[in-house]
Each structure stands twice: as structure tokens, then as C-alpha cells.
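Let's take a walk through this structure together. We'll begin at the ligand and work outward.

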Amino acid sequence: MFKKIAMIGCALALATLTACGSGDGGGSKGSGGDKLVMGFAQVGAESGWRTANTKSVRESAKSAGIELKFSDAQQKQENQIKAIRSYIQQKVDVIAFSPVVETGWDAVLLEAKRAKIPVILTDRAVDSSDTSLYKTFLGSDFVEEGRKAGKWLTENTDGPAKVAEIQGTTGAAPAIDRQKGFKEAIAGKSDIRIVASQSGDFTRAGGKQVMEALLKSHPDINVVYAHNDDMGLGAIEAIKAAGKKPGTDIKIITVDAVKAGMQALADGEINYIVECNPLLGDQLMDLAKKVVKGEKVPERVVTEETAFTSEQAAKVLKDRKY
Ligand code: GYE
């Protein structure tokens, strides 16, 4: 296992990091008490998935009695590195973070290791050959998600499929892996071809912009595979503006299954969604308590997930929590 992940949270610069703390501490170790303190470096607030994930982490920390110092990197690796350094300086008990991209973490993680602060990767992996830099990685199997998306397409194409792939953030584990799994699943199917592939940075605006351009450069696109719901929803806006019918003229497959995506799926504007579960908070807090106590934890904890068709989305929509 050469990959790692982790989550962290809120601010831009070091100066703002303390202000971003959850404020429920006071009796923490970091500030002289004995409450467990977690420094969490979140990717950003780019998508519905991320919003649900942040909420889950905050709520779970609270109910687990863990003081959370949260920072938001606004999808920039340099901000996450600053946040992690700040947590090391503050001598938190454990650092968790969700690396915006896979590579470039060894130096800062080595600093945490030298300071004897355990690191948990959550949601996204890092690509490093030194697995001693983190204790565990909690999150989804993104390659499997891509495979599920591709498999559905192989089973639901009527005629040649000309696929536009709207990728997540360049260099991010879910973008790399969701592409890999999808390609694997469609390999050898001569009637399915990815005709264009571009990054929409996991945002709705990004998905819309990419789709607007692709509809012009490749007017024959009849399938969109978007690496998350938000980009798929952005693509829907562009498709409608171009006078085409999303879900009918152009089939749409996405990943996440957040409420807005599930609504579009139930409405027939998206055709298939592979679930990616953002509710990692409880498992994360549980793992944090264990690693701080020095207990052994599995080096990989994979989230369980499913996938939804339009009919299935319509059934579960009203109970969807995020
Ligand atoms: O799919 C996307 C978000 O890392 C699994 O990040 C996460 C991805 C998720 O922006 O919506």
C-alpha cells in the first residue's frame, strides 16, 4: 500500500488557523488540559460531498469529546502543508488530513513523525513509498468506483458511445483512480470511446465550463462521465443551454450520490450515480483515539458503498441525509 490520505480543515494562512479551531476545547492537551486534540486539514469546500464530509467530521469530533482544530486549504496543497506545520507547532495529539493531490507530502509528514504526532489519512491517499509516515488510511476505493461507472456504461449503451470525461482535480487520488477504474471497465469495448477528457476541479462551475467547451469541440458527445455530482450538475446546465436534453440526448454518469445529484438522477437528468460516502467522521474519531493510545489499527479502512439507478434514487431520496 503505497498510498495515503488524510483530512484537515479551514483557513488560508497560518494566522487564521487558530481562529478556525472548533472552539469546543479549553481543556485540551494542546492548551494544557487532557482532551484529545486533532488538527484536521480539509481540502476545501469545493463540492456537496466536501460539505457533508466537513459536517460529519465536526459533529463526530464533538460527540467523541475531541477538540478539533480545523483548516480549509481552498484546494491548495501549500495551504494544507502550512496547516499541518501549524498543527505540529501547536503539538496536537493527532493530525488528520485529506490530501488535495497525491504527491509531495513526504517532507511535512516526516516533520510530523519526528515530532511524534501520528497522522491519519482520510478520504484521499498520498503517493509515497514510505508507509511509516501515516498510521492508517480511511476512505473509499476510488478505482472500484470508476469500475462501477464503466461497467454500467458497458451494460447500458445502445450504439456507439462517445464519452466526455470530466475529471476531478488534476493529481488528486479520486481523479486518478476514477479514471483508471473506468478505463479498465470499458477496455476492449470497441463501441465505447473516450473522445475528450478534461479537469473540472470537482466544482459545479468547472463542470459547466468544461462541458460548454466540449459541446463545441465535440458536438457528437453522447455520454458524460463526471468524477463527481457537482461537475455533472454543471455539465447539465451547459447541455440544457446548448438545447440538448441531459439524460436522454446525452447520458450522464457521476460519482458521490449527494442529494442534489440524487434529485437529478430521480428526475432522469443523470442516468447512474456511483456512491462515495462522505460520512467518515465517526470512524475517523475512533481511529484517532486508538492511534493516540498506541493501539494497532488496520493500515487501510475501506468505506462501504453502493450505486444508484434512477428508480433506486427516487426511492431513497427523501431519507438521504446529505
Ligand atoms: O468525490 C468530490 C470531492 O475526495 C472523495 O472530493 C472526495 C472527492 C469527492 O470534491 O466531490
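**Around the ligand**

The ligand is surrounded by 13 residues (each with a heavy atom within 4 Å of it), and the closest are Glu-46, Asp-123, Arg-124, Asn-228 and Asp-256. Bear in mind that this is a predicted model, where local features need pLDDT of at least 70 and side-chain atom pairs count only at pLDDT 80 or more, while totals for chains, interfaces and linings use all residues. Residues are numbered from 1 along each chain as its sequence is written, and side-chain values use heavy atoms, leaving out hydrogens and water.

Now look at the ligand's oxygen atoms. One sits 2.5 Å from a side-chain N or O atom of Glu-46. For Arg-178, an oxygen of the ligand is 2.8 Å from an N or O atom in the side chain, and Asn-228 has a side-chain N or O atom 2.8 Å from a ligand oxygen too. The protein covers 100% of the 300 Å² of accessible area (Shrake-Rupley method, 1.4 Å probe) that the ligand has on its own.

Where does the shell come from? Helices α2 (48-64) and α6 (173-186), which are DSSP runs of H or I with at least four residues, each supply at least two of its residues.

How values were computed:
A polar contact is a pair of N or O atoms within 3.5 Å; within protein, one must be able to donate a hydrogen and the other to accept it, and residues adjacent in sequence count only if both atoms are side-chain atoms.
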